[in-house]
Amino acid sequence: GVGLLASRVGLEGPLKIGNARGSWLVAARRSTVEPLLAALRSADLTGIPDSYYFYDVNARVALDLTPRDKLSLSTYLGQDRVDVPIFDDARFILDYGNRTLSLGYTRILSDNVFIRTNATASQYFNFPVGEFAGTEFTRDNTATDFSLRADLEWLPSARFETMVGVWAGNLSLFLEDTFDNQPSFLSDLQANYLQAYGQTGYRPTANWKLTTGLRVSYHGSGEYVRLEPRAQLERKFGD
């Protein structure tokens, strides 16, 4: 697809590796607004960005290794950048985006028990740059997260369902300021985190469902620990 503001392309197809069968997908999008911005600038309009673009890319591979084992790998990349003149001797540049990579594995242990695991790496970044009367100031900022999650679900009958899971990872927050090419502030924080939960659902009738559970959350920064009990009652009044 080709548009005045953005254009996109997507490709997908089947995949076979040995005895494993699956599919692959790649989708990308990018702004195509540059000719419009050039026309607006030629009309001597104020506040029109000197440059602007964004893009994002999604890609995924999914494989059925066996009738009971499924594997998937997915990634996302996205970035926005805009250069805006404020005055004759001042400008501001925004440059930010996200990057993620995820590996998932599902194992069907039996007809009513299965487990899902997921390893994920993600990063948000933001690199704004300002310039005023020849003096430049920046604020580089990233948030990076590495995590591993596992969930086990047991469906013993149509009335009962039970889920337990754990989610652990490391979060890193980085912030650095500069003024006139000299460092003015630096912060680099890291903390481990851990969450574990158990949840049970019960359907006494087709229209009622009671869900109870308990979640334990831990965050290494400040030795934060919290117990979170929960209960939920659902009533269905018809189709």
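**Briefing: aromatic pairs, strand β9 and the largest pocket**

The structure holds 4 aromatic pairs. One of them joins Phe125 and Phe127, whose ring centres lie 5.5 Å apart with planes at 25°, so this pair is stacked. The model is predicted. The points below cover two of the aromatic pairs, a charged residue over a ring, the surroundings of Thr178 and the largest pocket.

**Aromatic pairs**

- A pair of aromatic rings is described by two quantities, the distance of the centres and the angle of the planes.
- In the stacked pair of Phe125 and Phe127, Phe125 is buried, with a relative accessible area of 4%, while Phe127 counts as partly exposed at 29% relative accessibility.
- Trp167 and Tyr193 also form an aromatic pair, which is edge-to-face, with 6.2 Å from centre to centre and 90° between the planes.
- Because Trp167 lies in strand β9 and Tyr193 in strand β10 (residues 182-205), this pair ties together parts that are 26 residues apart in sequence.
- Trp167 has a relative accessibility of 30% and therefore counts as partly exposed, the limit for buried being under 20%.
- Tyr193, at 12% relative accessibility, falls under that 20% limit and so counts as buried.

**A charged residue over Trp167**

- The ring of Trp167 has a further partner in Arg149, which lies over the face of Trp167 at 5.3 Å from the ring centre.

**Thr178 in strand β9**

- Strand β9 spans residues 160-179 and includes Thr178.
- A polar contact of 2.4 Å links the side chain of Thr178 with the side chain of Thr138.
- When neighbours within four places in sequence are left aside, Thr178 is in contact with Glu136, Phe137, Thr138, Pro183 and Ser184.
- Thr138 thus appears both among the contacts of Thr178 and as the partner in its side-chain polar contact.

**The largest pocket**

- The volume of the largest pocket is about 180 Å³.
- This pocket is lined by 15 residues, of which Ser72, Gly104, Tyr105, Thr106 and Arg116 are the closest to its centre.
- At least two residues of the lining come from each of the strands β3 (51-66), β4 (69-87), β5 (90-110), β6 (113-126) and β8 (135-154).
- Strand β3 gives the most to the lining of the largest pocket, with 4 residues.

Conventions: Residues are numbered from 1 along each chain as its sequence is written. This is a predicted model: local features need pLDDT of at least 70, side-chain atom pairs count only at pLDDT 80 or more; totals for chains, interfaces and linings use all residues. Side-chain values use heavy atoms; hydrogens and water are left out. A polar contact is a pair of N or O atoms within 3.5 Å; within protein, one must be able to donate a hydrogen and the other to accept it, and residues adjacent in sequence count only if both atoms are side-chain atoms. Contact means heavy atoms within 4.5 Å. Rings of Phe, Tyr and Trp (its six-membered ring) pair if their centres lie within 6.5 Å; planes under 30 degrees apart count as stacked, over 60 as edge-to-face and the rest as tilted. Buried means under 20% relative accessible area, exposed over 50%, partly exposed in between (1.4 Å probe, protein chains only). A charge sits over a ring if NZ of Lys or CZ of Arg is within 6 Å of the ring centre and within 35 degrees of the ring normal. On a 1 Å grid over the protein atoms alone, a cavity is a set of points where a 1.4 Å probe fits but cannot get out, and a pocket is an open set with protein on both sides within 12 Å along at least five of seven lines; lining residues have an atom within 4 Å of a point. Grid points are joined across faces, edges and corners, and a volume is the space filled by probe spheres set on the points.
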